[in-house]
Amino acid sequence: MTPALPVLLCLGLCLCKRTRTEAADGLHKPSLRVENGPLVPQGRAVTLRCRGSWEAEEWWLEKRGGSGWSPMKSVRGAGNEGEFSLPSVTSNNAGTYRCFYRHSSYGWSEPSDPLKLVVTDLSAPPSLAALPSSEVASGQNVTLQCWSDWWYDWCVLYKEGEEITRSWTRSYEGGRQADFFFPVVNQTHDGTYRCYSFHSSSPNLWSSPSAPLVLRVSDAAAQDYTVGNLVRLILAGFVFILLGNLLVVHWKSFRGQPI
Ligand SMILES: *[C@@H]1O[C@H](CO)[C@@H](O)[C@H](O)[C@H]1NC(C)=O
């Protein structure tokens, strides 16, 4: 028997199993994602990927508009994914998307969960500062201030490419400012922060990111190390004295013995 036979058998079984599961629970709900994340700088190329079924024959992308969902494009997929490419993103491409696919025997799938595409770099960046300082000891408080000289009324705070929080801004020194207050910082707050601003009337059109702000959180326990070392030294001293005493006692009793 050639080794290819069991492999083929297994492959056949797996395929059968998959088709049966699909038939049992109907069509898988597709999932939609943006390559390189949902924040896209204006002018950049972007690809939306809709993952569905290996048996999909057709893929559709829809965008939410003022009058509901409007179909955009049908693109043939490769493998179990449909691919939608926008060669150069503009503010018109910002918004909420969802996708579907058509299965050879079960018809149209349900829509994917909606996905937000945010277009950035549409205005000057806000500035980001840390108060009292960008170097704080763990356990202290820190405020990250995002200030923009534009009419934007919201600020979004990002850390290492992930949204942390967003906040309404207030008028401040001829611009608008949001204060992000962290009452007790620890090592998890250490990292690089950026902020963006946008106006509530167009929540998917954002400014350029602020310059990066590196927040360094020093370990407050570092000072305790010296105390710990002192305790260890004293303990070691006691052990030495104890051993010395034992030796002396032993030597004395040894000398006391008749030869
Ligand atoms: C933040 O910490 C400073 C001391 O570093 C303290 O004076 C201040 O009251 C703290 N602020 C709040 C709101 O806890």
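Select arginine 51 and glutamate 81: their side chains meet in a salt bridge, with N to O at 3.0 Å. The model is a predicted one, and every distance on this tour is computed from it. Arginine 51 sits in strand 3 and glutamate 81 in strand 6, so look for two parts of the chain that lie 30 residues apart. Color the two residues by accessibility. Arginine 51 is partly exposed, at 40% relative accessible area, whereas glutamate 81 counts as buried at 11%.

Keep glutamate 81 selected and add arginine 33. These two side chains also form a salt bridge, at 2.9 Å from N to O. Arginine 33 belongs to strand 1 (residues 31–34), and glutamate 81 to strand 6 (residues 81–86); the two residues are 48 apart. Is arginine 33 buried, exposed or partly exposed? Its relative accessibility is 37%, and it counts as partly exposed.

Now widen the selection to Arg33, Glu35, Arg49, Arg51, Glu81 and Glu83. Salt bridges link these six residues in a network. Side chains of opposite charge can pair when their charged atoms come close.

Next, go to glutamate 58 and arginine 102. The closest N and O atoms of this salt bridge are 3.0 Å apart. Glutamate 58 is in strand 4 (residues 56–65) and arginine 102 is in strand 7, with their positions 44 residues apart in the sequence numbering. Both ends are partly exposed: glutamate 58 has a relative accessible area of 21%, and arginine 102 stands at 27%. How many salt bridges does a search of the whole structure find? The search finds twelve, and the pairs visited here are among them.

Turn to the cysteines. A disulfide is a covalent bond between the sulfur atoms of two cysteines. The model has two disulfides, and their pattern is 1-2, 3-4 when bonded cysteines are counted along the chain.

Select cysteine 50 and cysteine 99 and show their side chains. They are joined by a disulfide, with S to S at 2.0 Å. The torsion about the S-S bond is about 75 degrees, so this disulfide is right-handed. Cysteine 50 lies in strand 3 (residues 46–51) and cysteine 99 in strand 7 (residues 95–103), so the pair ties together parts that are 49 residues apart in sequence. Cysteine 50 and cysteine 99 are both buried.

Move on to cysteine 146 and cysteine 195. Their sulfur atoms lie 2.2 Å apart in a disulfide. The link between cysteine 146 and cysteine 195 is right-handed, with 85 degrees about the S-S bond. Which strands does this pair tie together? Cysteine 146 is in strand 12 (residues 142–148) and cysteine 195 is in strand 17 (residues 191–198), so the disulfide connects parts 49 residues apart in sequence. Cysteine 146 and cysteine 195 are buried. While cysteines are on display, also pick cysteine 155, which is buried with a relative accessible area of 0%.

From cysteine 195, step to serine 210. Serine 210 is in the loop between strand 17 and strand 18 (213–218). Is serine 210 buried or exposed? Its relative accessible area is 2%, and because the cut-off for buried is under 20%, serine 210 is buried. To see what surrounds it, select Pro125, Pro126, Ser127, Leu128, Arg194 and Cys195. Serine 210 touches these residues, leaving aside those up to four places away in sequence. Cys195 in that list is the cysteine that forms a disulfide with cysteine 146.

Finish at the ligand. Which residues surround the ligand? They are Gln140, Asn141 and Phe181. Select glutamine 140 first: a polar atom of its side chain is 3.2 Å from an oxygen atom of the ligand. Then select asparagine 141, where an N or O atom of the side chain lies 2.3 Å from a ligand oxygen. Switch on the surface for the last view. On its own the ligand has 360 Å² of accessible area, and the protein covers 29% of this.

Note on methods: Residues numbered from 1 in each chain as written. Predicted model: local features only at pLDDT ≥ 70, side-chain atom pairs only at ≥ 80, totals over all residues. Heavy atoms only, no water. Disulfide = S-S within 2.5 Å. Helix = DSSP H or I, 4+ residues; strand = E, 2+ residues; numbered from the N terminus. Buried < 20%, exposed > 50% of the residue type's maximum accessible area, 1.4 Å probe, protein only. Near = heavy atom within 4 Å. Polar contact = N/O pair within 3.5 Å; in protein donor to acceptor, adjacent residues only side chain to side chain. Areas by Shrake-Rupley, 256 points an atom, 1.4 Å probe, with all protein chains shown as cover. Salt bridge = Lys/Arg side-chain N within 4 Å of Asp/Glu carboxyl O. Contact = heavy atoms within 4.5 Å.
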